[in-house]
Amino acid sequence: METTIVSTQSTRKIAIANMRKGSFWLKLFVTLLLGAISIVMILPFLWMISTSFKINGDVFTYPIDWIPNTWHFENYKKVWAGADPFYLFYWNSIKITGITVVGNLLTSSMAGYAFAKIRFKGRNFLFLLYLSTMMIPGQVLLVPRFILFDQLQLINTHASIILPGLFWVFGTFLMRQFFSTIPGELLESGRVDGASYWRTFWQICLPLTKPALVTLLILSFTWHWNEYENPLIMLREKELYTIPLGLTSYVEEFGTNYVLTMAASVSGLVPLLIVVAVCQKWFVEGIASSGLKG
């Protein structure tokens, strides 16, 4: 009997050891696979940085010179202090994106709170109706939007870019999903203490939604910072251009000045990298808490 028990325990230990060994090799394989994919994904970014310090004659050399023989820092000087006012493009992007993101956070959080925590007739139908507008391609709305802003005399102004961006269906959906996870007892305790809907939203619920707000901030900032189509349609004067439109200034009649384009692109990516690096922790937590899956 004792021999049987010892044999069973030995078999169990061997099985556990084999499982751990198999799990180790699986984790190692997944790690190496993800590492290889990461390298492939980051190679274009590294090429862009490398190209921004070269001359046009060295851009398409093969094999690729990942480390330039001579570092041409004057490319960045030409971008920032050249004939094209890149600093003005930069300021326009900061202004438009900043105002739009702040407005987007405010409208999406208020709408998400209303759809999640305030009971009113037709709430679910109205939310589904609002959500269904996501199926309409943005290109379909360009012409009627242009006609509307033309009648309002807002064409060739930053307001024509900012106003449509203040409201985002996906942002409302994201915030509504997060507000739905907040226990109703917190709201009830606030109402017992005489708090209004606005005070309950501002002082009780909103501080708990920091991960969702940061997630929305990153998504909204990335979208509006890189937006090209709407500024292309609405803006006419070069002084009003954003960075994506400003990059077209380096497309010349007989070719493209690739080194200046890459230097301007690297400069334009800096704010995005800073925002993502600072807010990455809350971004992951917000995606997990809101129930969204990629």
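Contact here means heavy atoms within 4.5 Å. With that cut-off in hand, let us walk through this predicted model, starting from the whole chain and then moving to the places where its helices meet.

The protein chain has 13 helices and two strands. Of its 294 residues, 37% count as buried. The accessible surface comes to about 18,400 Å², and carbon and sulfur atoms hold 68% of that area. If you look at contacts in the chain with a separation of 6 or more, 74% of them join residues 24 or more positions apart.

A good first stop is the pair α8 and α9. Two packed helices are described by the angle between their axes and the distance between the axes. Helix α8 covers residues 184-192 and helix α9 covers residues 197-205; their axes lie 10 Å apart, at an angle of about 125°. That angle makes α8 oblique to α9, and the crossing of the two is right-handed. Which residues of α8 and α9 meet? On the α8 side they are Leu 186, Leu 187, Gly 190 and Arg 191, and on the α9 side Tyr 197, Thr 200, Ile 204 and Cys 205. Sorted by class, this contact of α8 with α9 has five nonpolar, two polar and one charged residues.

Helix α9 also meets α3. The axes of α3 and α9 come within 11 Å and cross at roughly 110°. With that angle, α3 is roughly perpendicular to α9, because angles of 65 to 115 degrees are placed in that group. The crossing of α3 and α9 is right-handed. Ser 109, Met 110 and Tyr 113 of α3 make the contact with Tyr 197, Trp 198, Thr 200, Phe 201 and Cys 205 of α9. Six of the residues in this contact of α3 with α9 are nonpolar, two are polar and none is charged.

Just past α9, in the loop between α9 and α10 (210-225), you will find Leu 206. Is Leu 206 buried or exposed? Its relative accessibility is 15%, so Leu 206 counts as buried. Leaving aside residues up to four places away in sequence, Leu 206 touches Ser 109, Phe 201 and Leu 213. Its C-alpha atom is 8.7 Å from that of Phe 179, although the two residues are 27 apart in sequence.

Phe 179 takes us to helix α7. Helix α3 (residues 86-117) and helix α7 (residues 169-179) have axes that come within 7 Å and cross at roughly 50°. That makes α3 oblique to α7, and α3 passes α7 in a right-handed crossing. From α3, the residues involved are Ser 108, Ser 109, Ala 111, Gly 112, Tyr 113, Phe 115, Ala 116 and Lys 117; from α7, they are Gly 171, Thr 172, Met 175, Arg 176 and Phe 179. By class, the contact of α3 with α7 has six nonpolar, five polar and two charged residues.

How many of the 11 residues of α7 are buried? Nine are, so α7 is largely enclosed by the rest of the structure. The buried residues of α7 are Val 169, Gly 171, Thr 172, Phe 173, Leu 174, Met 175, Arg 176, Phe 178 and Phe 179. One of these, Val 169, has its C-alpha atom 9.0 Å from that of Ser 132, with their positions 37 residues apart along the chain. Ser 132 lies in helix α4 (residues 123-132) and is partly exposed, with a relative accessible area of 27%.

Back in α3, have a look at Ser 93. Ser 93 is buried, with a relative accessible area of 1%. Among residues more than four places away in sequence, Ser 93 touches Gly 98, Trp 225, Thr 242, Ile 243 and Pro 244.

The last stop is the loop between α5 (142-151) and α6 (159-165), which holds Gln 153 and Asn 156. Phi of Gln 153 is near 60°, a positive value in a residue other than glycine. Phi of Asn 156, likewise positive in a non-glycine residue, is near 70°. As for accessibility, Gln 153 is exposed, with a relative accessible area of 69%, whereas Asn 156, at 18%, counts as buried.

How values were computed. Residues are numbered from 1 along each chain as its sequence is written. This is a predicted model: local features need pLDDT of at least 70, side-chain atom pairs count only at pLDDT 80 or more; totals for chains, interfaces and linings use all residues. Side-chain values use heavy atoms; hydrogens and water are left out. Axes are lines fitted to C-alpha atoms, for helices over the stretch in contact, and angles run from 0 to 180 degrees between N-to-C directions. Helices (H or I, at least four residues) and strands (E, at least two) are DSSP runs, numbered from the N terminus. Angles under 35 degrees count as roughly parallel, over 145 as roughly antiparallel, 65 to 115 as roughly perpendicular and the rest as oblique. A crossing is left-handed if the near helix is turned anticlockwise from the far one by less than a right angle, and right-handed if clockwise. Ala, Val, Leu, Ile, Met, Phe, Trp, Tyr, Cys and Pro count as nonpolar, Asp, Glu, Lys and Arg as charged, and the others, Gly among them, as polar. Buried means under 20% relative accessible area, exposed over 50%, partly exposed in between (1.4 Å probe, protein chains only). Accessible areas come from the Shrake-Rupley method with a 1.4 Å probe; for residues, only the protein chains shown count as cover.
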